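Visitor: I'd like a close look at one part of this model, followed by how the rest of the chain is arranged around it. Take it slowly and spell out your cut-offs as you go.

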Amino acid sequence: MLQSGNRWCHGYDLAHRAGIKSGTLYPLLMRLEAQGYLEAEWQAPPEPGRPPRHAYRLTVPGQQLAHDNPPAASKQDVADLSERFT
């Protein structure tokens with residue numbers, strides 16, 4: 001997300017890039033949003049008939065958090081981050 005700058009990122013794309021399942025990712029995104037590190041919004045579908053998409057981007061404190069904690073290298077690191085923000 002940090003590399004995306006101020007652009008919105010979709011959960012599916014984040015899960016794919018991180019190599020983790022949505023059941024792990026979405027609770028983490030929700031906690032980070034509740035703690036003010038992310039903002040989220042529902043976006044209209046790009047094509048008629050498709051469902052709206054939930055998008056996320058880092059807030060300024062989230063960008064600082066990302067700078068201070070480089071991307072996780074393993075699933076254990078993701079689990080550790082998940083525990084840290086519970």
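**A buried arginine and its surroundings**

Guide: Let's start with Arg57, which counts as buried at 18% relative accessibility. Here buried means a relative accessible area under 20%, exposed means over 50%, and partly exposed is in between, with a 1.4 Å probe and protein chains only. Before going on, a word on the source: this is a predicted model, where local features need pLDDT of at least 70 and side-chain atom pairs count only at pLDDT 80 or more, while totals for chains, interfaces and linings use all residues. Residues are numbered from 1 along each chain as its sequence is written, and side-chain values use heavy atoms, with hydrogens and water left out.

Arg57 sits in strand E3, residues 53–58. Strands (E, at least two residues) and helices (H or I, at least four) are DSSP runs, numbered from the N terminus. Leaving out residues up to four places away in sequence, Arg57 touches Met1, Asn6, Arg7, Trp8, Tyr37, Leu38 and Glu39; a contact here is heavy atoms within 4.5 Å. Two members of that list also have polar links to the arginine. The Arg57 side chain reaches the backbone oxygen of Asn6 at 3.2 Å, and it makes a polar contact with the side chain of Glu39 at 2.9 Å. For a polar contact, I want a pair of N or O atoms within 3.5 Å; within protein, one must be able to donate a hydrogen and the other to accept it, and residues adjacent in sequence count only if both atoms are side-chain atoms.

The Glu39 pairing turns up again as a salt bridge, with the closest N and O atoms of Glu39 and Arg57 2.9 Å apart. Glu39 is in strand E2 and Arg57 in strand E3, so to speak across the chain: the pair links distant parts, 18 residues apart. Unlike its buried partner, Glu39 is partly exposed, at 31% relative accessibility.

How many salt bridges does a search of the whole structure find? Two, where the criterion is a side-chain nitrogen of Lys or Arg within 4 Å of a carboxyl oxygen of Asp or Glu. Besides the Glu39 pair, Asp13 bridges to Arg53, the closest N and O atoms being 3.8 Å apart. Asp13 lies in helix H1 and Arg53 in strand E3, so this pair ties together parts that are 40 residues apart in sequence. Asp13 is partly exposed at 33% relative accessible area, and Arg53 is partly exposed too, at 30%.

Now for the sheet that holds E3. It is an open sheet of three strands in the order E1-E3-E2, with antiparallel pairing. E1 (9–10) and E2 are the edge strands, each pairing on one side only. Two strands pair if DSSP finds at least two bridges between them. E1 and E3 run antiparallel and are joined by two bridges, with His10 standing opposite Ala55 in E3. E2 and E3, antiparallel as well, are joined by six bridges; Leu38 has Leu58 in E3 as its bridge partner.

Those two leucines bring us to the core. The largest nonpolar core has twelve residues: Cys9, Leu14, Ala15, Ile20, Leu25, Leu28, Leu29, Leu32, Leu38, Tyr56, Leu58 and Leu65. At least two of its residues come from each of helix H1 (11–18), helix H2 (22–34) and E3. H2 gives the largest share, four residues. The rule for such a core is a set of buried Ala, Val, Leu, Ile, Met, Phe, Trp, Tyr and Cys residues joined through side-chain atoms within 4.5 Å. Within the set, Ala15 is in contact with Ile20 and Leu25, setting aside neighbours within four places in sequence.

Just past H2, Gln35 is in the loop between H2 and strand E2 (38–43). Gln35 is partly exposed, with a relative accessible area of 37%. Its C-alpha atom is separated by 9.6 Å from that of Pro61, 26 residues apart along the chain.

Zooming out, the chain has four helices and three strands, in the pattern β-α-α-β-β-α-α along the sequence. Of its 86 residues, 27% count as buried. Among contacts with a separation of 6 or more, 51% are between residues 24 or more positions apart.
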